[in-house]
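Me: Could you walk me through this structure? I have the sequence and the model open at the bench.

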Amino acid sequence: MPDAPGGTLYRGREGMWSWVAHRVTGVLIFFFLLVHVLDTSLVRVSPEAYNAIIGTYRHWIMGLGEAGLVAAVVFHAFNGVRIILVDFWAKGPKYQRVMLYVALGLFVVVMAGFLPRHLMNTFGGH
């Protein structure tokens, strides 16, 4: 594959996709935290409204949302460590692709440990 001339679009290798995924997961985590602060502060305004909102979180759709939230946090954390290593370790840029695959492997291991138990609780298979 020939090198792209200067000033053209990036060709979309692993580095670009990890960059995009890091930004997307960061924005999703931010919005979760915003909603979390708002619904938690509702307890001061109206405990009944707070209980009603918290009750909706028991729905299976919210359980899937929680799984997505955990996936976003886990990926964001492992990829963040990879970014720190790329930035501050002299050999980081050379091994950035390998570190991405390690981060993805750790992500899969953590999610494989989390998802079965969480989904059993979400869908009633205690």
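Me: Thanks! At what angle do H3 and H4 pack, and how do they run relative to each other?
Reply: Happy to help; this is a predicted model, where local features need pLDDT of at least 70, side-chain atom pairs count only at pLDDT 80 or more, and totals for chains, interfaces and linings use all residues. Residues are numbered from 1 along each chain as its sequence is written, and side-chain values use heavy atoms, with hydrogens and water left out. The axes of H3 and H4 lie 9 Å apart, at an angle of about 160°. Angles over 145 degrees count as roughly antiparallel, so H3 and H4 are roughly antiparallel.

Me: Which helix supplies the largest share of the nonpolar patch?
Reply: The patch on the surface consists of Val81, Leu85, Trp89, Tyr95, Val98, Val102 and Leu106; such residues have over 30% relative accessible area and no salt bridge, and their nonpolar side chains are joined within 5 Å. Helix H3 (60-88) and helix H4 (96-122) each give at least two residues. The largest share is three residues, and the helix is H4.

Me: Is valine 102 buried, partly exposed or exposed?
Reply: Valine 102 sits in helix H4. Buried means under 20% relative accessible area and exposed over 50%, with partly exposed in between (1.4 Å probe, protein chains only). Its relative accessibility is 48%, so valine 102 counts as partly exposed.

Me: What pattern does the protein follow along the sequence?
Reply: The protein has four helices and zero strands (DSSP runs of at least four residues for helices, H or I, and at least two for strands, E). Read along the sequence, the pattern is α-α-α-α.

Notes:
Patch = residues over 30% accessible without salt bridge, like charges linked within 9 Å, V, L, I, M, F, W, Y side chains within 5 Å. Areas by Shrake-Rupley, 256 points an atom, 1.4 Å probe, with all protein chains shown as cover. Salt bridge = Lys/Arg side-chain N within 4 Å of Asp/Glu carboxyl O. Axes fitted to C-alpha atoms, helices over the stretch in contact; angles between N-to-C directions. Parallel < 35°, antiparallel > 145°, perpendicular 65-115°, else oblique.
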